[in-house]
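Here are some short exercises to work through with the model open in your viewer. Try each task before you read its solution.

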Amino acid sequence: MENDPIKSPEIQDILRGNDIGLTAAVLSKRLHIEPWRALEMFYRSRTCAQYHDKSTGLYLFSENYLAEEYIRELQSGIPFSPSTLQH
């Protein structure tokens, strides 16, 4: 379907925002922090940057998987800077 409204950029942004909110909720519970703090931390992460990069396919995974990836990122201790991402 060529004019599928679900594929519009606006709808895709809404769906991604929902996924990120769900991921923050999982992180909040797993890390025992406030949801707003989990959201802030996730938004500043390599995992979130990769989530927004369609070439990684990370946007296809569940909020639990995204949370686990982020926790692995935290455990690695490697600081994130957008310039460290390879395209």
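H32 is a good place to warm up, but the solutions start with the aromatic residue F61: with 40% relative accessibility, F61 counts as partly exposed. Please keep in mind throughout that this is a predicted model.

**Exercise 1. Which elements make up the chain, and in what order do they run from the N terminus?**

Step 1: Count the elements. The chain holds 4 helices and 0 strands.

Step 2: Read them in order. Starting at the N terminus, the elements run α-α-α-α.

Step 3: Look at burial and contacts. Of the 87 residues in the chain, 26% are buried. Among contacts with a separation of 6 or more, 60% are between residues 24 or more positions apart.

Step 4: Turn to the surface. The chain's accessible surface is about 6100 Å², and carbon and sulfur atoms account for 56% of it.

**Exercise 2. Find the aromatic pairs and decide how the rings in each are arranged.**

Step 1: Know what to look for. Two quantities describe a pair of aromatic rings: how far apart the centres are and the angle between the planes.

Step 2: Search. The whole structure yields 2 aromatic pairs.

Step 3: Take F42 and Y70. Their ring centres are 5.9 Å apart and their planes lie at 75°; planes over 60 degrees apart count as edge-to-face, so this pair is edge-to-face. The pair connects distant parts of the chain, with F42 in helix α2 (residues 35-43) and Y70 in helix α4 (residues 63-76), 28 residues apart.

Step 4: Check burial. The cut-off for buried is under 20% relative accessible area. F42, at 0%, is buried, and Y70, at 4%, is buried as well.

Step 5: Take F61 and Y65. Here the ring centres are 4.4 Å apart and the planes are at 25°, so the pair is stacked. F61 is partly exposed at 40% relative accessibility, and Y65 is partly exposed at 32%.

**Exercise 3. Where is L58 found, and is L58 buried or exposed?**

Step 1: Locate the residue. L58 sits in the loop between α3 (46-52) and α4.

Step 2: Judge the burial. L58 has 9% relative accessibility, so it counts as buried.

Step 3: List the partners. Setting aside neighbours within four places in sequence, L58 is in contact with T47, Q50, Y51, Y65 and L66.

Step 4: Compare positions in space. The C-alpha atoms of L58 and C48 are separated by 9.0 Å, and the two residues are 10 residues apart along the chain.

Step 5: Look at the surface patch. Y59, L60, F61 and Y65 make a nonpolar surface patch of about 390 Å². Y59 is in the loop between α3 and α4 and is partly exposed at 32% relative accessibility.

**Exercise 4. What does S45 touch, and what does its side chain reach?**

Step 1: Place the residue. S45 lies in the loop between α2 and α3, and at 2% relative accessibility S45 is buried.

Step 2: Follow the side chain. The S45 side chain reaches the backbone nitrogen of T47 at 3.4 Å.

Step 3: Add the contacts. Not counting residues up to four places away in sequence, S45 touches Y70, E73 and F80.

Step 4: Contrast with another loop residue. H32 lies in the loop between α1 (9-31) and α2, and at 70% relative accessibility H32 is exposed. Its phi is near 55°, a positive value in a residue other than glycine.

**Exercise 5. How many salt bridges does the structure hold, and which parts do they join?**

Step 1: Count. There are 4 salt bridges in the structure.

Step 2: Start with E68 and R30. Their closest N and O atoms are 3.0 Å apart. E68 is in helix α4 and R30 in helix α1, so this bridge ties together parts that are 38 residues apart in sequence.

Step 3: Move to helix α2. R37 and E40 form a salt bridge with closest N and O atoms 2.7 Å apart; being 3 residues apart in helix α2, R37 and E40 are separated by about one helical turn.

Step 4: Finish in helix α4. The side chains of R72 and E69 meet in a salt bridge at 2.2 Å, N to O. Both residues lie in helix α4, 3 residues apart, about one turn of the helix.

Step 5: Look for shared partners. Salt bridges with partners in common join R37, E40 and R44 into one network.

Conventions:
Residues are numbered from 1 along each chain as its sequence is written. This is a predicted model: local features need pLDDT of at least 70, side-chain atom pairs count only at pLDDT 80 or more; totals for chains, interfaces and linings use all residues. Side-chain values use heavy atoms; hydrogens and water are left out. Rings of Phe, Tyr and Trp (its six-membered ring) pair if their centres lie within 6.5 Å; planes under 30 degrees apart count as stacked, over 60 as edge-to-face and the rest as tilted. Helices (H or I, at least four residues) and strands (E, at least two) are DSSP runs, numbered from the N terminus. Buried means under 20% relative accessible area, exposed over 50%, partly exposed in between (1.4 Å probe, protein chains only). Contact means heavy atoms within 4.5 Å. Patches are made of residues with over 30% relative accessible area and no salt bridge: like charges are joined within 9 Å, nonpolar side chains (Val, Leu, Ile, Met, Phe, Trp, Tyr) within 5 Å. Accessible areas come from the Shrake-Rupley method with a 1.4 Å probe; for residues, only the protein chains shown count as cover. A polar contact is a pair of N or O atoms within 3.5 Å; within protein, one must be able to donate a hydrogen and the other to accept it, and residues adjacent in sequence count only if both atoms are side-chain atoms.
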